[in-house]
Amino acid sequence: MNPLSRYAGCALVALLFWMHGPVWAQSTGEYVGHDVRGSTVVVEGDSATAHLTFQAPDVVRVDWTAPGAARPDSSVAVVQEAEGTPPTVRDREDALWVRSEALAVQVQKAPLQLRFTEADGTPLTRESTRYTRNDDGHRLGFHLDDDTHVYGTGERAGSLNLRGEVFDLYNTQQYGYQEAPPEMKVNVPLAVTSSGYGLYVDTTWPTRFDIGAAESNTFSVDVEGGALTYYLMAAPDIPAQLEQYTALTGRQPMPPKWALGYIQSKYGYRTEDDARAIVDELRENDIPIDALILDLYWFEHMGDLRWNRERFPEPFQMMRDLRADGVETIAITEPFLVPESGLFDQGAQAGYFAQDETGDPYLIDDWWSCTESVAESDEGCQAALVDLTNPAARAWWWGQYPVFMGEEMGGLWTDLGEPEEHPEGMQHYEGSVASVHNAYNLLWAKTLFDGYRDWRPNQRLVNLTRAGSAGIQRYSTFLWSGDVGRSFTGLQSQPPMLLNMSLSGLAYYSSDLGGFTNGTTTDELYTRWLQHGAFTPTMRPHGVDDQATEPTRFSDETLSIVRDYVQLRYRLMPYLYTLAHENHTTGMPLTRPLFFADADNPALANYDDAYLFGDAFLVAPVMTEGQREKTVELPEGAWIHYWSGDAYTGGQSVTVDAPLDEMPLFVRAGSIIPMRPVAPHTSAQPQDELHLDVYPGPDTRHSASLYEDDGSTLAYDEGAYATTALHQTRHTVDGAPVLDLTVEAAAGSYDGQPTARTLAPTVHRLADAPTAVTHNSTDLPQRGSAEEVAENGGFHYDADTQQLHVQIMDVPLDTAHTLRIQNAEVASLP
C-alpha cells in the first residue's frame, strides 16, 4: 500500500443505535421504595433502580440499573472520590426529595423519573424521556429549555453550539478531511450548557447524542452497552462546570516549558543527517525551536521500537547533541506490530495481542506499513494490535520504551490509537471491541504515564497523541486534529474543534499547521495557518514530505512573517506558562470561546470565527484565501487592536485590516501581560528579566498574575513554585492623573529561581509624556530613546507610538515594587 495512505481505512464497528426501531421493553415503572446506604440513596422502581450519590454538594451521580442490581464499581474516567456525606431525604406523597446543600433531586414516583434543581428550587433540567433498556443498551432523555446552548463532547467542527446536532461518539480516524465530519477521533460524553448545569455520561461504549435534533427540547442519550451512569453538575457558568468536570476526571499536569515552544515535524525526517540539518537550518534563520519530531523512519518495521541504525547510526548521541542545543526529541510509536517486527513473536507467544475467536492473534489484512516485498507476498501486509486492556500486555509494552528512549528522549508521539483499525471480530482481555474501543488510547496513555513516572520519577511527560476520551487529559496528553487536508477549508475546521475540545476538558489541542495531505500548502495558506498556530496551546507544523513543512522552505516573505509570529509566541511564554498553571489548578482552558467574556451577548453563543487566548488576547485568524480585512465580533468592554493601538468598544462587530503579515489580534484593555525576550529556545530565555506589556483599562484597578517554576520537574506538586501578583491602578494625585504599576513580592520559591531581576514594563496608549516616573518613590532618569532605556535603565516616552518604556535593573524578588507614572493621561477609551 502506498505509505501516503498510512492513515486511511478506519474499520468501524457498525453503530446502528436502534435505527431499525427496537422495542424498549424495560422502563422505570413506578416507585416501589428507597433505602439510604451511606452516601447513596437507592430508589427501587417496578422495573429499574436509580442509585443517587452526591459526589460533591453540587455534583450528583445517577446510576440506572436493572431492579436490585448493584451500581458499577469502577470507571476508567472518574478519579474523584465521593465526599461521602449522606444527603437529606424527604419522602412526600408524590415525590422523594434528595438534597445536598447545593443541589436537589426530585424523584417523581409515578412514573419514576428524576428532576434536578438548585437548592433554592430553581429548575435545572429533568429526565424528560424515561430511562429504558433492552438487550442492546440504554436510553434516556433530558429536557432542554428553549434558550439552552450545549457545547463540548470532544472533537466537533460543524458548530460551536451543538443544539440541533446528532452524532455518534466513537473514535474514528478521518484521513485528509477538509470539512471535518461529525464523528472524529476524540469523543467525550460531556455536555456543558448555558443553563447552569453540565452533564457527563460515564461510559466507554458507543453512544449517540441527539441534542434536540429529533425533538427540539429533548437531549437523548443512547448507550450501546454496559451501564448507564451520568453525573449532573450544577454550576452557574461553563467555566465552573469545567472546573467540576476536571475535578471529577482529573486535570492536566503542568507541561514541561519546552512543550509550549515551537515544535518542528514532518512525515518525515528520514536520517540522522536530516534531523540535525533541519535544526541547524532553523537556528541559522532565527526561528526558535524546542523540539523535533521523528516519524516512521526512525525504525525499520512497525512495532520494532528499536532504532534503524542504518538511518540513525548514533541516535543517542544525536539526541544528546540536540538537547545541548535546546532541542528535545520526540519519536512516534504505534500499537500495531507487523510480523516482521522483532517484537512480534514475543508478543504473539505471550498472548499480548488482541485475539480472534480461536485464541490466536487477530491479524489485520491489507495493512499499510510493510516493506514492498512483504506487501506483495502471498500473505500480504498484516498487523496485530497490542491488547492494552490486558495488564500483562501493558507492562510488556511499556518495558520496550526505556530501551529506545534512553535518558535522552524528551517526549513521545503515540499514533493510531483510536485504534485506527479495529475489526469487530477482535476479542480483548476486557471484552468486545465495542466495550473497549473508546477507552483504548486512554489505557495506552495511562500505561506510558505510569511507567514514565516510575522510570523518571521527577520529570514531566509529553505525549503527543491523536485520539482520546474522557479523563485522558490527566496523563499529560497533547492532542491534535489529525490528518487534515491542505486547504483553507481544512484551516476553517480548526477553531470550532479547538474550542469544543477546550469545552471538553482537553486544553492542549492544535493541528498539523499548514495541513497534512491532499492538497497544496501555498505560501498564503502556510502563513495564515502558522499565524493561527502561534496562538494555540501547541505550535507544530506537520505534513507528508511531498511538501515542505518548515518555514525556511517557503518564500522569503513567508519566512519573515512566520518568524515574527514564532518569536512573538516566545515573548509571550511567561503568559502562556501562567495559563498552563491556571488550567492545571482549575481546568480553565487556554483557548476559550468569546462568550466566556460576554455570556449575555447572543451574537457570541455560536461564534467560532475568533477566540480568546487566555483573558488578555482575542485572536481572529484569517481563514479565507485572498482575504485582507476581517469583521470580528467583540465581547463587552474595551479592546485594543494589537498592531495599530486603536481602541474599540466591545459588544459590537468591527471590521479591521488584515494584510498578509497581520492576523487580527486584540488585547483587552486593563491587561498586564508578562513577557520575556526571545531566545533560541525556552530554557535560554533569561529568568532574571520580566517584561510587562501594560494596557491601561477603564476601571480604577486591574490585576493579573505570573506563575513560575523550574519548568521541567515535578517539584511544583510539592509547592516548589512562585506566583507574583501584578496590579495597575489609576487615580488622581494633586489633580493630576497617576498610574501605579505594582509588582508584588514573589510568593514561593523553586530551584533555579533568581534572587533579583530586571523589570521592563511598556505602558501603551499614554496620551502625553509623563512628568516623572518613580520606583518605590525614587525618581528614574529620563532617556532619549527606548534603546537607551534597554541599555541603562530609566524611562522614555515615544510620542509616535504613545508608549512609555521603563526599565529597572536588579530589583529583588522578595520585595514589592511600584512604578508611579505622574501625569499618566491615558488615550481615550470607548
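Two strands count as paired if DSSP finds at least two bridges between them. Helices (H or I, at least four residues) and strands (E, at least two) are DSSP runs, numbered from the N terminus. Everything here comes from a predicted model, where local features need pLDDT of at least 70 and side-chain atom pairs count only at pLDDT 80 or more, while totals for chains, interfaces and linings use all residues. Residues are numbered from 1 along each chain as its sequence is written, and side-chain values use heavy atoms, with hydrogens and water left out.

**View A. A six-stranded open sheet and the helix across it.** The strand order is β30-β31-β32-β37-β34-β35, and the pairing is antiparallel. At the edges sit β30 (591-592) and β35 (647-649), each pairing on one side only. Look at β34 (residues 638-641): three bridges join it to β35 in the antiparallel sense, and Trp639 stands opposite Tyr648 of β35. Helix α14 (residues 573-586) lies across β30, β31 (611-613) and β32 (617-619), running at about 100° to β31. For that angle, axes are lines fitted to C-alpha atoms (for helices, over the stretch in contact), and angles run from 0 to 180 degrees between N-to-C directions. Contact means heavy atoms within 4.5 Å.

**View B. Phe617 and the nonpolar cores.** A nonpolar core is a set of buried Ala, Val, Leu, Ile, Met, Phe, Trp, Tyr and Cys residues joined through side-chain atoms within 4.5 Å. Buried means under 20% relative accessible area, exposed over 50%, and partly exposed in between (1.4 Å probe, protein chains only). The largest core holds 180 residues, and Phe535 and Phe617 have the most contacts inside it. Helix α9 (residues 440-455) supplies the largest share of this core, eight residues. Another core, of 40 residues, lies apart from it, with Phe116, Phe142, Val150 and Val201 among them. Back at Phe617, and leaving aside neighbours within four places in sequence, the residues in contact include Phe535, Leu572, Tyr575, Tyr642 and Ile673.

**View C. The buried side of helix α3.** Five residues of α3 (residues 315-324) are worth picking out: Pro315, Phe316, Met318, Met319 and Leu322 are buried. They share one side of α3 because they cover an arc of only 155° around the axis, the arc being that of the directions from the helix axis to the C-beta atoms. The buried residues of α3 pack against α2 (272-284), β20 (291-294), β21 (328-333) and α7 (401-405). After α3 comes Gly326, with a positive phi near 80°.

**View D. The one disulfide.** A search of the whole structure turns up one disulfide, meaning a pair of cysteine sulfur atoms within 2.5 Å. Cys370 and Cys381 form it, with their sulfur atoms 2.0 Å apart. Their link is right-handed, with 80° about the S-S bond. Cys370 lies in the loop between α4 (344-350) and α5 (372-375), and Cys381 in the loop between α5 and β23 (384-385), so the pair ties together parts that are 11 residues apart in sequence. Both Cys370 and Cys381 are buried.

**View E. The β47-β48 hairpin.** Four of the five residues of β47 (residues 794-798) are buried, so this strand is largely enclosed by the rest of the structure. Five bridges pair β47 with β48 (residues 803-812) in the antiparallel sense, and Phe795 has Val806 as its bridge partner in β48. Four residues separate the two strands of this hairpin, and Gln802 in the turn has a positive phi of about 60°.
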